[in-house]
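Let's take a walk through a protein model together. Have a look at the sequence and the structure first, then read on.

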Amino acid sequence: MTEIGEALPAELSGSAIRAMLKRLEAKGFVVREASDRGFLYAPSVEEKTASKSALTQVVRVFFNGSATSAAAALLGMQDKMSAGDLDELEKLIAEAREGRTK
């Protein structure tokens, strides 16, 4: 539990961390295994899968399910993006268009 708390950007109580782990376990994102010091937690899904699930939830909750609105919000942060970041976005959009026409 200490390692998890140290890895988080904000200081959380042990009970808050346990509650978060319990929710993540219930949703199938982590598994736990008993050890002599308590429980060991490990991810049960790949990072890419977890990221996609989290992003889907954010788009649903904060942008009424509109990926376009979410993308527009990200593009509103263009002053924090490098030219390379913007080029990468253009490339991804082109690939998405290409994938739709196949």
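Which residue meets Arg32 through its side chain in a salt bridge? Keep that in mind while you get your bearings; the model you are looking at is a predicted one.

## The salt bridge

The partner is Glu25: its side chain and that of Arg32 meet with 3.5 Å between N and O. The structure holds one salt bridge, so once you've found Glu25 and Arg32, you've found it. As background, side chains of opposite charge can pair when their charged atoms come close.

How covered up are the two partners? Glu25 has 29% relative accessibility, so it counts as partly exposed. Arg32 comes out at 40%, and therefore is partly exposed too.

## The overall layout

Now zoom out. The protein chain has five helices and two strands, and reading along the sequence you meet them in the pattern α-α-β-β-α-α-α.

What about its overall size? Along the principal axes, the C-alpha atoms fill a box of roughly 55 × 35 × 25 Å. The radius of gyration of the protein chain is 18 Å, whereas a compact globule of 102 residues would have one near 13 Å. Buried residues make up just 5% of the 102 residues.

## The two strands

Strand S1 covers residues 30–35 and strand S2 covers residues 38–43. They run antiparallel, and six bridges join them. To get from S1 to S2, the chain goes through a hairpin of two residues. For one bridge you can pick out yourself, find Ala34, then look in S2 for Phe39, its bridge partner.

## A nonpolar patch on the surface

Next, find Leu55, Val58, Val61 and Phe62, which make a nonpolar surface patch of about 400 Å². One of these residues, Val61, is found in helix H3, which spans residues 47–62.

Is Val61 buried, exposed or something in between? Its relative accessibility is 46%, and exposed would take over 50%, so Val61 counts as partly exposed.

## The loop after H3

Helix H4 covers residues 67–75, and the loop between H3 and H4 is where you'll find Ser66. A polar atom of the Ser66 side chain lies 3.0 Å from the backbone nitrogen of Ser69. With 23% relative accessibility, Ser66 is partly exposed, because buried would mean under 20%.

Asn64 lies in that loop between H3 and H4 as well. What's unusual about its backbone? Most residues other than glycine have a negative phi. Asn64 isn't glycine, yet its phi is positive, near 50°. Its relative accessible area is 75%, so Asn64 counts as exposed.

## Across the model

Finally, try a couple of distances. How far apart in space are Ser66 and Ala34, C-alpha to C-alpha? They are 41 Å apart, with their positions 32 residues apart in sequence.

For another pair, take Gln78, found in the loop between H4 and helix H5 (83–101). Gln78 and Pro43 are 35 residues apart in sequence, and their C-alpha atoms are 33 Å apart in space. Gln78 itself is partly exposed, because its relative accessibility is 44%.

Methods. Residues numbered from 1 in each chain as written. Predicted model: local features only at pLDDT ≥ 70, side-chain atom pairs only at ≥ 80, totals over all residues. Heavy atoms only, no water. Patch = residues over 30% accessible without salt bridge, like charges linked within 9 Å, V, L, I, M, F, W, Y side chains within 5 Å. Areas by Shrake-Rupley, 256 points an atom, 1.4 Å probe, with all protein chains shown as cover. Salt bridge = Lys/Arg side-chain N within 4 Å of Asp/Glu carboxyl O. Helix = DSSP H or I, 4+ residues; strand = E, 2+ residues; numbered from the N terminus. Buried < 20%, exposed > 50% of the residue type's maximum accessible area, 1.4 Å probe, protein only. Pairing = 2+ DSSP bridges. Polar contact = N/O pair within 3.5 Å; in protein donor to acceptor, adjacent residues only side chain to side chain. Rg over C-alpha atoms; globule rule 2.2 N^0.38 Å.
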